[in-house]
Amino acid sequence: MDNVTPLGADVYEIDTRMAGYSGITAGYLILGDRPCLVETGTSTSAPIVRDALTSLGVGPDDLATVVVTHIHLDHAGGVGDISRFYPSAEIVVHEKGARHLADPSRLMASAKMVWGDKLDVLFGTLAPTDAARIRALGDTGSIDLGNGRTLSSHYSPGHAKHHVGLLDSLSGDLYVGDAAGVYLPETGDLRPATPPPDFDLGVALDSIALFEALGPQRLLFSHYGPVSNVTETLERSAEELRIWVDLTRQARSEGLDLDHAVAMVRERTHERYAALRGDEATAEQFELLSGAPSNVAGIIHWLDRTSG
Ligand SMILES: [Zn+2]
């Protein structure tokens, strides 16, 4: 299938095609004795993901595990649908996200407030998952991939309080979710993802430091794809966070309202990203996944919480 890319070590990248876009939301299948899907994509992505798994030989009773790095809808919106397609799969998520997968009503209500009419088109509706099938992770946890291979989870809040990174014991791949920002393979750009209400700079930097300490061989971004220069990339992730926070702090101390703060930060960071100098479609991808309004609002929310 043209949305499946082998990455070596029995790992397959699946373009989950959020809202019909290519190359912005990735899921990953780790094939083996106990096949494991990392990230489902949105609810509307679920049939696309199922087709991809079928093409890789994974039938309805073959999928052992579905794990999500966090419960934002671009990562976990399809969990309910996928859990119905694959009745044998255990659903694994951090404990702070577990109840929202079992009962998505509050999560969907707050998403509706953020996204309004765009919600249906972008994400669809997260369906509930039988609570008995959900395994909640604490600060660390382990997923059995078969043949002695494991995926270990490491709590990594900062982007979201229910976020984990996942390290493959065989390949050294680290699934970073959104904790290291949003990476655009077309341009090599990396931009932070600092949405409300959970963003916290210190916590986010601690998570990036934890990722470095794990010594991964490769980073697998949910947005989007594999990156091999690990140290340099994680340093860039931290630098991006500091720059966006510094600029937002400055805008806030000048008394700018949100719209003007967004405009200022957007203008001052513009030259950092080749994507914004390129074609409009690539720039639009950035705005969808780590939009300046969402990033600046998340940073201001944190500043308001912490600095009074
Ligand atoms: Zn995301």
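## Reading a strand from its neighbours

Modeller: Let's start with one pair: Leu220 in β14 is the residue that Tyr175 stands opposite. Keep in mind that this is a predicted model.

Biologist: Okay, and in which sense do β11 and β14 pair?

Modeller: Parallel: β11 and β14, which covers residues 218-221, are paired over four bridges.

Biologist: How many bridges join β10 to β11, then?

Modeller: Two, and here the strands run antiparallel, with β10 taking up residues 164-168. Find Leu166 and look across to β11: its bridge partner there is Tyr175. So you've now met Tyr175 twice, because it also stands opposite Leu220 in β14.

Biologist: What do β10 and β11 form, and how many residues sit between them?

Modeller: They form a hairpin, with four residues between the two strands. Look at Gly172 in that turn, where phi is positive, at about 75 degrees.

Biologist: How should I read the two faces of a strand?

Modeller: The general idea is that side chains in a regular strand alternate between the two faces of the sheet. Now the case here: Asp173, Tyr175 and Gly177 lie on one side of β11, with Leu174 and Val176 on the other. Both of those faces are covered, since every one of these residues is buried.

Biologist: Why is β11 called largely enclosed?

Modeller: Buried means under 20% relative accessible area. Five of the five residues in β11, 173-177, are buried, so the rest of the structure largely encloses this strand.

Biologist: Let's try a loop residue. Is Thr187 buried or partly exposed?

Modeller: Partly exposed: the relative accessible area of Thr187 is 31%. You'll find Thr187 in the loop between β12 (182-184) and β13 (189-191).

Biologist: Which residues is Thr187 in contact with, leaving aside its neighbours within four places in sequence?

Modeller: Ala274 and Ala275. Also check Leu276: Thr187 is 89 residues away from it along the chain, yet their C-alpha atoms are separated by 9.8 Å.

Biologist: And for the whole chain, what share of the contacts comes from residues 24 or more positions apart?

Modeller: They account for 68% of the contacts with a separation of 6 or more. As for burial, 57% of the 308 residues count as buried.

Biologist: Last one: how does the radius of gyration of the chain agree with a compact globule?

Modeller: For 308 residues, a compact globule would come out near 19 Å, and the chain has 18 Å, which agrees. Zoom out and you can count 12 helices and 15 strands.

Notes:
Residues numbered from 1 in each chain as written. Predicted model: local features only at pLDDT ≥ 70, side-chain atom pairs only at ≥ 80, totals over all residues. Heavy atoms only, no water. Rg over C-alpha atoms; globule rule 2.2 N^0.38 Å. Buried < 20%, exposed > 50% of the residue type's maximum accessible area, 1.4 Å probe, protein only. Contact = heavy atoms within 4.5 Å. Pairing = 2+ DSSP bridges.
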